[in-house]
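Got your viewer open and a hand on the mouse? Let's take a walk through this one together, one selection at a time.

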Amino acid sequence: MNTMHAHGPHQALRLPVRKLLSGLLGLGLLMSLAPGRAQEKPATEPPVENSNLSAPLFYQLLLGELNVSSGEPGTGYSLILDAARKQNDPALFRRAVEIALQARSGDAALTAARAWSQAIAVSPDADRYELQILLALNRISETAPVLRRLVEQAPLPARNEAINAIPQIYARAPDKAAALQVVREALAPTLKQAQHAAAAWTTIGLMEMAADQNVQALTSARNGHAAEPASPFPALLAIELVEEGQTAAESIVKSQLKASPPAPGSTNPVALAYARLLFDLQRQAESRSLLENLTRIQPDTPEPWLLLATLQVQDKRLPAATQSVQTYMSLARQAGDERSARGLTQGYLLMAQIAEQQKDYAAANAWLDRIENAEDIMAAQMRRASLLAHQGQMAKARALLRNHPERRPEDARLKFVAEAQLLREFKEWQKAYDVYGEAVARFPKDSDLIYDQAMMAEKINRVDDMERLFRQVIEIKPDHHHAYNALGYSLADRGLRLPEARKLIEKAVAMAPDDAYIRDSLGWVLFKQGEMQKAREVLKDAFEKRPDAEIAAHLGEVLWASGEREQALKIWREGLLLAADNETLQGTLQRLRVKP
């Protein structure tokens, strides 16, 4: 085992080289922004110039390299670092750092990087090495000064990009609170600079999110947006916050789009990201409107066409979806990059889905045959299985999935999930329950698989099994608010142990206070307990936060039972427009014998 052992205080400290080098790669953007750093190789080789090496210095360097190559990195390191100090030569300092890293001596590498920084007043490369070595040594509290220097050394036109790279640099820091503190300290001067304040507040907000401080992150997003309303950075942070349940952040996104609306020839990542968010929140009408506007204003941008096509397939607007996918595929082929290639796979899958809905199974299979990427073959097999199932060949569909080779460790789990999802699509709840049981037997600590099996137990009315499985999820993952909510709702919906059901749901609400579905459960258990006014308020709030057919079913029933029948009919009609085939809504209308 090689260690640093010669000439001075270079006691070895074992350091994971992959961790350090991968971290240095995370600094790539900052490295590319450093002033004076060559961006690309010159077109012609420069003329040869003789070095200023003296004979003794040449001999010292040669001796150092010979020691390194013969297994004595400590001696070689000391010789080369000594030469670097004498010459103030960045290349020699870099070589000393590299030797220490190769020998996995973090302290020695840090000594060389700091000597380099002290010897040469403006040395971004030295600062980058020092920063990443400190992070690898988990000496986070020492990184603030060097991080501040790196930000200040970045050229003004590209400084925002350098600031935006900071969360990635600290992504693997184990102490998120300490990382947040040093980033706040390093960016303190930048917060006062009008052209960089939005990026700085966004970076601080992302660090706060990493430290589970979402409320503070919302404040940072607001501060960044106030500093520069047209900046996309705080708005993109706001979108992430909405995904985490901070619904108040959505106003920042809307305000940014007003300050900087999509325009021909411009690139605004906020509009597309917001459309994706609306899609994920099942606010399809808003997402569709935004995407139609984007494709009209920026018809040569590929991504909006693909997402619009996905919505059009959901809406059964198959001719329009076909046109959107074909437009996307034409633009993606012109781009020719890796991202577009992956998008083409999604396009093929959508075209197969369109053909399947048109019952043109031969065409669907032909589209699937175009998929060549090994990582996407599983998605193609899932679609093929769906084709077989829709042709009445469920046994063959299941065999197709089960016999698919497991090329990656995660494929075994994915096969179980795909088979269960297929069975759920055809409402074969018992068989889906059994498949999830097989999956749980193979992956006994996978809380998501156990949760899904519990949901199937609820479908087949195996209440004891359902409760056992939900409680198993909670034991494995005590903060699994969906498990608390699902168990509480299932008990409340059956009129069982209502006080206990309410406590379970209230615990879920405490964990995710902005989750509209969990608030729906709370309103439902309040209704079951006879607290009509509270139930009405909670359900109305939930429906306003997330218009959803199931929430509409519950809110409508509370209004109906309270004598507000016209209002109930109005809510139910809205629910039918959202999802006419929703089981809960249809069941409610049939039970109450109502036709809105």
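Which residues does Val525 touch, not counting residues up to four places away in sequence? Select Val525 and look around: the residues in contact are Ala492, Leu498, Ala501, Arg502 and Ile505. One thing to keep in mind on this tour is that you're looking at a predicted model.

**Stop 1: around Val525**

Val525 sits in helix α30. Colour Val525 by accessibility and you get 0%, so this residue counts as buried, the cut-off being under 20%. Now draw a distance from Val525 to Ala492: the C-alpha atoms are 5.5 Å apart in space, though 33 residues separate the two in sequence.

**Stop 2: the whole protein**

Zoom out and switch to a cartoon view. You'll find 34 helices and 0 strands. The C-alpha trace spans about 100 × 55 × 55 Å along its principal axes. Of the 596 residues in the protein, 49% are buried. Take the contacts with a separation of 6 or more: 55% of them are between residues 24 or more positions apart.

**Stop 3: two helices side by side**

Next, select residues 73–87, which form helix α4, and residues 106–119, which form helix α6. How do these two helices pack? Their axes are 11 Å apart and meet at an angle of about 10°. Angles under 35 degrees count as roughly parallel, so that is the label for α4 and α6.

Show the side chains where the two helices meet. From α4 you have Tyr77, Leu81 and Arg85, and from α6 you have Ala108, Thr111, Ala112 and Ala115. Sorted by class, this contact has 5 nonpolar residues, 1 polar and 1 charged.

**Stop 4: Gln60**

Now pick Gln60, in helix α3 (residues 55–69). Is Gln60 buried or exposed? The relative accessible area is 12%, so Gln60 is buried. Leave aside its neighbours within four places in sequence, and Gln60 is in contact with Leu79, Asp82, Ala83 and Lys86.

**Stop 5: the loop between α7 and α8**

Move along to the loop between α7 (124–136) and α8 (144–153), and select Thr143 there. Thr143 has a relative accessible area of 0%, so Thr143 is buried. Which residues are in contact with Thr143, leaving aside its neighbours within four places in sequence? Turn on the side chains of Leu131, Leu134, Leu135, Tyr170 and Val182 to see them.

While you're here, select Asn138, which is found in the loop between α7 and α8 too. Asn138 is partly exposed, with a relative accessible area of 42%. Check the backbone angles as well: Asn138 is not a glycine, yet it has a positive phi of about 60°.

**Stop 6: two more loops**

For another positive phi, go to Lys427, in the loop between α24 and α25 (429–442). Phi is near 60° here, in a residue other than glycine.

Then select Pro409, in the loop between α23 (394–402) and α24 (411–425). Pro409 has 75% relative accessibility, so Pro409 counts as exposed. Draw a line from Pro409 to Arg149 and you'll cover 43 Å between C-alpha atoms, with the two residues 260 apart along the chain.

**Stop 7: a pocket**

Switch on a surface and head for Glu243, Glu244, Gly245, Ala512 and Asp515. Of the 23 residues that line the second largest pocket, these lie nearest its centre. Which elements give two or more residues to that lining? They are α14 (232–243), α16 (269–280) and α30 (516–528). You've met α30 already, as the home of Val525.

How much space is in this pocket? About 730 Å³. Colour the lining by class and you'll see 8 nonpolar, 5 polar and 10 charged residues.

**Stop 8: Glu537**

For the last selection, choose Glu537, in helix α31 (residues 532–545). At 47% relative accessibility, Glu537 counts as partly exposed. Finish by drawing a distance from Glu537 to Gly523: their C-alpha atoms are separated by 7.9 Å, and the two residues are 14 apart along the chain.

Definitions and conventions:
Residues numbered from 1 in each chain as written. Predicted model: local features only at pLDDT ≥ 70, side-chain atom pairs only at ≥ 80, totals over all residues. Heavy atoms only, no water. Axes fitted to C-alpha atoms, helices over the stretch in contact; angles between N-to-C directions. Helix = DSSP H or I, 4+ residues; strand = E, 2+ residues; numbered from the N terminus. Parallel < 35°, antiparallel > 145°, perpendicular 65-115°, else oblique. Contact = heavy atoms within 4.5 Å. Nonpolar A, V, L, I, M, F, W, Y, C, P; charged D, E, K, R; others polar. 1 Å grid on protein atoms, 1.4 Å probe; cavity = no way out; pocket = protein on both sides within 12 Å on 5 of 7 lines; lining within 4 Å. Points joined across faces, edges and corners; volume = space filled by probe spheres on them. Buried < 20%, exposed > 50% of the residue type's maximum accessible area, 1.4 Å probe, protein only.
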